[in-house]
Structure formats: structure tokens, C-alpha cells
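The exercises below are meant to be worked with the sequence and the model open side by side. Try each task before reading the solution under it.

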2 protein chains.
Amino acid sequence: MSDEPTITTIARRAGVSIASVSRVLNGLPTRAETERRVMSVARELGYVPNSAARSLKSRRSNQIGFAMADIGNPVYLAMVREIQPMLKAAGYRLVLHSTNADAADEIDVLRGLGERYIDGLIMIPLRVTDGHLEMFAAARAPIVVIGSVPEGTPVDNVRVDSRAGVRLVVQHLHGLGRRRIGFVNGPLDTVPGAARSAAYAEALETLGLPYDRNLVEVGDFYRADGARAAARLLERVPDLDALLCANDLIALGALDVLRRAGRRVPEDVAVAGMDDTDLATIAWPPLTSVSLGSAERGRAAAELLLDRLDRDGRAPRTVTVEPRLVTRASTMGEETP
Amino acid sequence: MSDEPTITTIARRAGVSIASVSRVLNGLPTRAETERRVMSVARELGYVPNSAARSLKSRRSNQIGFAMADIGNPVYLAMVREIQPMLKAAGYRLVLHSTNADAADEIDVLRGLGERYIDGLIMIPLRVTDGHLEMFAAARAPIVVIGSVPEGTPVDNVRVDSRAGVRLVVQHLHGLGRRRIGFVNGPLDTVPGAARSAAYAEALETLGLPYDRNLVEVGDFYRADGARAAARLLERVPDLDALLCANDLIALGALDVLRRAGRRVPEDVAVAGMDDTDLATIAWPPLTSVSLGSAERGRAAAELLLDRLDRDGRAPRTVTVEPRLVTRASTMGEETP
DNA sequence: TTGTAAGCGTTATCAG
DNA sequence: CTGATAACGCTTACAA
């Protein structure tokens, strides 16, 4: 395992200066003979340019960060699947950060921007703290936030009208004749949790249904938490006829609980999730879910970031994605999705 | 947005040399007063060390690559979920590569090792070509391969005895009285496809069952392909009483097809998958599956790599993970998993 | 304890 | 067209 060849090695072996080597390697005009010699030595030695040296000189790392709570969540996964190939096509590598929704962790990532190991960052903060806002303001590289940020925050921003999304499902359930519509939400101090909570209340009001706090239960955004929360809800309100879940994972947990409790879905209880992840079509019965355009949001975020990396300077942009209701058997009683 | 502060900036502002700044920043012995001044300026300026410069000097990037076919596959996902926190704890960042199972792409990643933007690589090649082997041999940084490699390949290696895994399920199905055990495999020119194909034949033989090529169908490792392949198989062999699928995604496709065909699972056809991903417990009926220890393999790979980064030089190691049969309703006829 | 200076591997400028 | 040389930001002998 000989030492890594550098342009100096090549220069010596080819009998030219390192400047010439660099020129050849970068396709700058060079005498044919020189080029030939350099290329031949380079190939022979298996030369590969050192990225640290390049980055130091060029002030670009050709890496982009993606920070989200947990890659295991299918929503983020759907985003990564869009983002990664786009970045790759644009010549960037993807550095993945799972933050466990820990604000301190997220802020660490933001601080990391100063290290310049990434040229830009796509981030999905579950909660936006003052610490976040400070770092956004001081950031030394472009950031795209997926999720809502306060007006005036100097970052590009991709959001989804989850309010409209909640309204869509609630109307759907109401249209099916359901009147006791329970709601299993995620933590209220998270951005999506808070938004969905408000949207649920608003949607009920629009439909002239009373808001009954007994119908609302909060857990975390995972299947097991969803199951527990749904169980509590079911015990408290046995005559529930519909259940809206703040994401698909929660809905899966709810389905488990309902099945075990012997409730038929959708006959006894109609169940709907949010995010419309792949899991919705795997669940049984297939899960009605509001698509919040995860893939689309990922794509938009990557586009915004790549755009800004191309030429910076313009004002922050916001892209809003429209939610879309996808009805399946868990509310419709049809066998096939 | 002022220019990034460097140690030079700090040195000037603190009235000391860059060497002193560096020392303070690295916790080397320094006069208290100097330290105070430097730290105060550094904090005030929001100094963050430049990672490219550091890497160039230290010859370490503090990054590790993970290359797999498709992050959307729950098996790889399970691995990333183990690997990422371990690397993070050890001070490494994770660079993600999705290769679409394209050999050329994978080789590009291996070539990238020469750029030194990662200190090591965990890779799951779906096919191991001569190109791979060459690059393994020439690699300038440690590699851990998840999956089998030829004897003597100079990389650390984590494998699973998938042969034993297949045997476990086939025996299980046989023990349930099934005799017409179909097999939906992935592409035969992939490492897992080939291994599972051989193992299936072998398992039948061990049990004294005849190998009937009509009972075998090949598609890709995805749900839709699995569905198509299962449909072909079902049409050709209507009296099938069990179906082994080369992974859970294929099994999900098969479940769809069987349901649409009005076959009861497991009464008419018992279905089993492989990998025991999260999907197995989401599917309906819950899917019997052979765990190939994805999480465990991820963990082992990270351990091997971190170990070797600590001190290189020892001989390549191989860790083998034992498969484990997880029975659920898709073969057992129980309602609960 | 501190400063000077060399060097990590590139790119880019500026003379020849 | 080419070579010497100066950066890029940092760590680390070595000297003071």
C-alpha cells in the first residue's frame, strides 16, 4: 500500500511542474505531448485528487447535509429518496444527520455549517427554538427548512398546508356520517403537532361539530405510542366512530388496538392517517391518509438549495405543497385500495 | 455576512500568533492570560475550525461512507439506523450513497475512497464483480462489506448464513404439512438471489421433496415485481400450498396477489418472507419471516470498521450472523403475531 | 510559554 | 505553453 500519489508525484515522474499537472487534470489548454505524459503517469499511478485540498482551495465541499429526526420515519425516508439522486446528479454528496428531534443536536448541526464540511443544509426541525432562529440568522451556508418557520426567517422554506390536509380528512369522515371523530395527535410542542391540533379544532368548527377535548389524545409520532394513545382514547370514548391520526405510524398503532378490541374498521370505526406513506397500502385495511407530499417536499427542498448554491443573493423563497386526500378501505369499506 | 473567521483573524485580534491560537483551541498548555484572550475572541467571533484545512493536515475526514442499493429498502434502512448513531458517537459523519445496485456506481464509490473524503466505507454490493475485487484490493481506506465476498478478499466482512435461513423456513412450512412450496426469488445474478436459490434446492432435497422448477419464479426484490412473479407462479401451479419469498417486499406483493385471487392465507397458501423487516408486522396477515439480523449486521459492520480505524494492520475479519425464524399468522393461522 | 515557519495537496496568478 | 510561487486554514516542529 504505497503512499497516495499527489500532483507532485505525477509532476516528478512526468518531468513537468505541478502547475502543468493541475492544468492537464483540469482540462486547461496544454501541449498535446505534456498532456499525454501527465495523463499516462496519472493513470498508471491511479491518481485521485485529494478532496480536502480541493475543498480548502475552492471553499466548497460538494457535500450537502440533510438533518431530520429519524431516518426510520417513512416520511423522511421518502424525502431522502428524492433528495439523494438530485444532489448526486448535481455533483453533491449527501451527509445524513439523525437528530432524534433533539434541539441541541439540531443546533449542533447548524453550528457545523461553520466547519464548511457542507455547502448547504436541508433541515426538518420538529421544534423551532430561539436557538434555531439565531443559527439560521448567523448561518454561513444556505439552509432550506422543510416545515414552517416564522415570517422573515432568512432561509428558504418548504411547507405544506397541513391545516387544509386535516380539513380534508375531517370533512371526508364527516361526509361518511361520522360524528364522534377522535384525534390522536403527536406532541403539541412540535411544529406539526401544534399545527394539526389547531387544524382539527378549526375543521370541527367549520363543520359545526362541537370540540370535545375527550376526543383528543396525545402520544408520540410512533406506532407504539399511537397504539397506547388510541387505547386510552377508546377506553374513554367507547362510542367513537372515527379516528384521525396525526401520521400513518400512529394510525398503524390504532389499527392494532382496534383489531384487538374487536372493532371493525371501517364499519365501527373509520381510521385515517396522515402523510400517505408506503405503509398506508401495506396496512390492513389499507389506510386512508392525507398525502402531505413528502416526495414533493423533498424535491422542492433540493431544488431550492441547488438553485441558491448556483447563485445566491436573492430573497428567501417559500414553496407550499398542497395536501391531497387518498381514500382507502380504512374509511370507505372497499376491499381494494 | 462577514468573512469566515480563521485562526489568523483571532490571532490578530488577540494580539498573539496563530500557533498560540491553535494551541489554545486544542487545549495544549498555554499561559492562562493568553488562553483567556484567545477564547474570548474566538467566542466573540463565533469561530469554528475549517474542516477542509483540518482534514488536509490530519489526513482524516471524520466521515464514513455507507453504500447500498436503495435506502428505501427496509433492510438497508434498519442497518443505517444502527450504523448512524454508532458512527456519530465515535465522532464520524455518515455519507450516504445509493447506488441502485449499479456495479459501475458502486465502483465509483470505491474509487472515491482515493479522494479521502471518507476514512472508511461500509458497502453492500448486490453483485460482486471483478471490478469490485480489484478496487477492494487497491483500496486506500478500510472497507467493510456486508454480504459474502470470495475467500481472501482483503476486507472485513459481515455475512449471514442465508442458507440456514432458507432451511429454517422450508422446514417450518414442511412441518406444517405443506408439500407444494413455491419460491419467488430475486435476480439470480445477485449475491442474495444466487445464495437463496441454491439454499432452496438444498433444503428441499434435505427434506426429500422433489425440486420442481415450475415452483420457482424470479422477479426483482420489490413489491410490484414480487406481485407479478407470484401471479405467474400461481397461474402455472394453482395447487401451490406454500410460498417462500426471497424478501419481505416480495412477500407483500405475493399477499396482494393471493388476496385478489381469493386464496386464504395461510389456510390455502402459507406465505413466508425473508429479512423480518418492520413491514412483516404491518402486513396482513402478519408475515412469517426469517430474520437475517439486519440491525445486528449493521452494528457488526460499524464495529468492525471503527475497530480497524482505531488500529489497522490486523488480518481481515469475518462476522457471521445467525438467521432466526419468526413465525406469524401468514403461516400459522393465528390471529395475533 | 510563545512565535516563526514548514507543510498538508490543490488551484491560480504571474512571469518567462 | 510552462514553471515558480503564493495562497487556502490548520497543526506542529523548532527556536527563541
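A polar contact, as the term is used here, is a pair of N or O atoms within 3.5 Å. The model is a predicted one, and side-chain atom pairs count only at pLDDT 80 or more.

**Exercise 1. Describe the protein surface near DNA strand D, and find side chains that make polar contacts with this strand.**

Step 1. Begin with the residues around the strand: 26 residues surround DNA strand D, and the closest are Ser20(A), Arg23(A), Thr34(A), Ile7(B) and Tyr47(B).

Step 2. Take Tyr47(B), where an N or O atom of the side chain is 2.4 Å from a phosphate oxygen of DNA strand D, a distance that falls within the 3.5 Å cut-off.

Step 3. Turn next to the bases, where a polar side-chain atom of Arg23(A) lies 2.5 Å from a base oxygen of DNA strand D, and where an N or O atom in the side chain of Lys57(B) is 3.1 Å from a base oxygen of this strand.

Step 4. Consider the strand's own atoms: of those within 4 Å of the protein, 59% belong to sugar or phosphate, and the rest belong to bases.

Step 5. Finish with the composition of the surface, to which helix 2 and helix 4 of chain A and helix 2 and helix 4 of chain B each supply at least two residues; by class, this surface has 11 nonpolar, eight polar and seven charged residues.

**Exercise 2. Carry out the analysis for DNA strand C, and state which helix gives the most to the surface near it.**

Step 1. DNA strand C is surrounded by 25 residues, of which the closest are Tyr47(A), Ser20(B), Arg23(B), Thr34(B) and Lys57(B).

Step 2. On the backbone of the strand, a phosphate oxygen is 2.9 Å from an N or O atom in the side chain of Arg54(A).

Step 3. On the bases, the side chain of Arg23(B) has an N or O atom 2.5 Å from a base oxygen of DNA strand C, and a polar side-chain atom of Lys57(A) lies 3.0 Å from a base oxygen of that strand.

Step 4. Sugar or phosphate accounts for 58% of the atoms of DNA strand C within 4 Å of the protein, the rest belonging to bases.

Step 5. Helix 2 (18-25) and helix 4 (51-58) of chain A, together with helix 2 (18-25) and helix 4 (51-58) of chain B, each supply at least two residues of this surface, and helix 2 of chain A gives the most, with four residues. The residues divide into 10 nonpolar, eight polar and seven charged.

**Exercise 3. Characterise the interface of chain B and chain A, from its area to its pairings.**

Step 1. The size of an interface is often given as the accessible area lost when the parts come together. Chain B and chain A bury about 4,100 Å² between them, with 56% of it on carbon and sulfur atoms, and the contact takes 46 residues from chain B and 46 residues from chain A.

Step 2. Look for charged pairs: the interface of chain B and chain A holds 10 salt bridges, including one between Asp70(B) and Arg81(A), whose closest N and O atoms are 3.3 Å apart.

Step 3. On the side of chain B that touches chain A, strand 2 of chain B gives the most, with six residues; by class, that side has 22 nonpolar, 12 polar and 12 charged residues.

Step 4. Examine the strands themselves, since strand 2 (residues 93-98) of chain A is joined by three bridges to strand 2 of chain B, the two running antiparallel, and Val95(A) has Val95(B) as its bridge partner.

**Exercise 4. Locate a salt bridge that involves Asp189(A), and examine the peptide bond from Trp284(A) to Pro285(A).**

Step 1. The partner of Asp189(A) is Arg127(A), their side chains meeting at 2.6 Å, N to O. Asp189(A) lies in the loop between strand 6 (181-185) and helix 9 (191-206) of chain A and Arg127(A) in the loop between strand 3 (120-123) and helix 7 (130-138) of chain A, so the pair ties together parts that are 62 residues apart in sequence.

Step 2. The peptide bond from Trp284(A) to Pro285(A) is cis, with omega near -5 degrees, and Pro285(A) sits in the loop between helix 12 (279-282) and strand 10 (288-291) of chain A.

Conventions
Residues numbered from 1 in each chain as written. Chains lettered and ligands numbered in written order. Predicted model: local features only at pLDDT ≥ 70, side-chain atom pairs only at ≥ 80, totals over all residues. Heavy atoms only, no water. Near = heavy atom within 4 Å. Polar contact = N/O pair within 3.5 Å; in protein donor to acceptor, adjacent residues only side chain to side chain. Nonpolar A, V, L, I, M, F, W, Y, C, P; charged D, E, K, R; others polar. Contact = heavy atoms within 4.5 Å. Buried area = accessible area lost by both parts, 1.4 Å probe. Salt bridge = Lys/Arg side-chain N within 4 Å of Asp/Glu carboxyl O. Pairing = 2+ DSSP bridges.
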